[in-house]
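Please look through the structure below before reading on. The text that accompanies it is an explanation in running paragraphs.

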Amino acid sequence: MTEAPIPWIDLKRQYAGVKGEVEAAIQRVLDSGWFVSASENEGFEQEWAAYCGTLHAVALASGTDALNLTLKALGIGPGDEVITVAFTVSATLDAIHDLGAKPVLIDVDPVTYTLDPSQIAAKLSPHTKAILPVHVYGHPVDLDSILAAAGDIPVVLDACEAHGALYKGVQASTHGVATCYSFYPTKNLGALGDAGAVVTNDNALAERLRLLRQHGWDRRYHSVTPSLNSRMDEIQAAILRAKLPYLDDWNDRRRAIARRFDEAISGTKLTPAPNGPWADPAYYFYVVLTPQRDAFRGALKDAGIATDVSWPEPPHLQPAYEYLGYGKGSLPVTERLCDQVVTIPMFPDLTDPEIDRICAALRSF
Ligand SMILES: Cc1ncc(COP(=O)(O)O)c(C=O)c1O
């Protein structure tokens, strides 16, 4: 008998585990008759801020909006520069570009795949208005070094992949001026649609974000600054509240699976997922590196194990960001990672026999 294929992610399994709570949460909203800007948003904001260890959470429509509106709230606009990385999804750059500001790209560290703090100084200019590092795949950046290199320049964290990641034992959400989350369905804490949030300890920034997420209104129909609509739906807020109590257990399970994969990989030619000395990653993805990517993916496919590539092409080499003028070879670590990285199955609902099968396939490559 051939064994069942193992998907690289399977949201149906997670839903089956929380079906009762999620359906009750949706029903609560349906019965309330309030679908935006009501008690589920307020409840989620309080619970997410408490989880992250911050004074405020501002619920928004997506992670991209969380980044974009945070930069906008900091006053960033045309002519300004924001230092970030190209080892990310293009959303990080979109959030900057959309304000008329310029993404200034630096390479990532070859061990942790996150922003290399030693490269910040050379890119600082009188136009630098923020630094936007990305906690990639749930692995927190080297926060202390980045904050030291940034000096007075605000550091905004893209934690869209890092719900519950720990930096030196504390939530990687309490550093810098603000931390931005996506609750895209595949995330460690995922909505059943799009949603996002910003957490911060800065009262004025939180206040500004609350204006910006709804047309700049300080009261109903009274706009004090031009903005847009980035409200989180009540149904998504209620679903996130239903799932949040599970997040730590899910992350612990991801970490336990990651240890199994690390063990299986040791002694092979594969490079295991990054794990810097300061990090307790949330393992949104578990990635391996191999210069023989096609052969590796083929071997796993033959064993019935699905894989993916995140990300096959860095934004600076894509048509949208050619105008920035970074050619091939300009960010060599980022480009090598994009050539060699493979996402293997990683989600809390993987069964023990599936984990055994994945480990066996890793060992035998
Ligand atoms: C690193 C990173 N930044 C930003 C985003 C954008 O989040 P969203 O899809 O919620 O807009 C994502 C989501 O995929 C992401 O992974």
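What follows goes from the nonpolar core to a strand within it, then to a separate sheet and the ligand shell.

The model is predicted. Its largest nonpolar core holds 106 residues, and the members that touch the most other members are Leu60, Leu71, Val82, Cys180, Ala197 and Val198. At least three residues of this core come from each of domain 1 (12-106 + 113-245) and domain 2 (247-364). In soluble globular proteins, nonpolar side chains tend to be buried together.

Cys180 is a useful place to start, as one of the core residues just named. Leaving aside residues up to four places away in sequence, Cys180 touches Gly63, Ala66, Leu67, Thr70, Val156, Leu157, Asp158, Ala159, Cys160 and Val198. Here contact means that the C-beta atoms, placed from the backbone, lie within 7 Å. Val198 is thus both a contact of Cys180 and another of the core members with the most partners.

Next comes strand 8, residues 178-182, in which 5 of 5 residues are buried. From this strand, Ala178, Cys180 and Ser182 point one way, while Thr179 and Tyr181 point the other way; all of them are buried. Which strands pair with strand 8, and in what sense? Strand 5 (residues 156-158) pairs with strand 8 in the parallel sense over 3 bridges, and Val156 stands opposite Ala178 in this pairing. Strand 9 (residues 196-200) pairs with strand 8 in the antiparallel sense over 4 bridges, with Thr179 standing opposite Val199. Strands of a sheet pair through backbone hydrogen bonds, either parallel or antiparallel.

There is also an open sheet of 3 strands, with the order 7-6-12 and antiparallel pairing. Strand 7 (170-171) and strand 12 (279-280) stand at its edges with a single partner strand each, so one side of each has no neighbour in the sheet. Strand 6 (residues 166-167) pairs with strand 12 over 2 bridges in the antiparallel sense. In that pairing, Tyr167 has Ala279 in strand 12 as its bridge partner.

The last topic is the ligand. Around the ligand are 15 residues, of which Ser62, Gly63, Thr64, Cys160 and Ser182 come nearest. Helix 3 (63-73) and helix 4 (91-97) are the elements that give two or more residues to this shell. By class, the shell has 5 nonpolar, 7 polar and 3 charged residues. Several names return from the earlier paragraphs: Gly63 and Cys160 are contacts of Cys180, and Ser182 points the way that Ala178 and Cys180 do from strand 8.

How values were computed: Residues numbered from 1 in each chain as written. Predicted model: local features only at pLDDT ≥ 70, side-chain atom pairs only at ≥ 80, totals over all residues. Core = buried A, V, L, I, M, F, W, Y, C linked by C-beta atoms within 7 Å. Buried ≥ 20, exposed ≤ 12 C-beta atoms within 10 Å, placed from the backbone. Domains from an automatic or database assignment. Contact = placed C-beta atoms within 7 Å. Pairing = 2+ DSSP bridges. Near = placed C-beta within 6 Å. Nonpolar A, V, L, I, M, F, W, Y, C, P; charged D, E, K, R; others polar.
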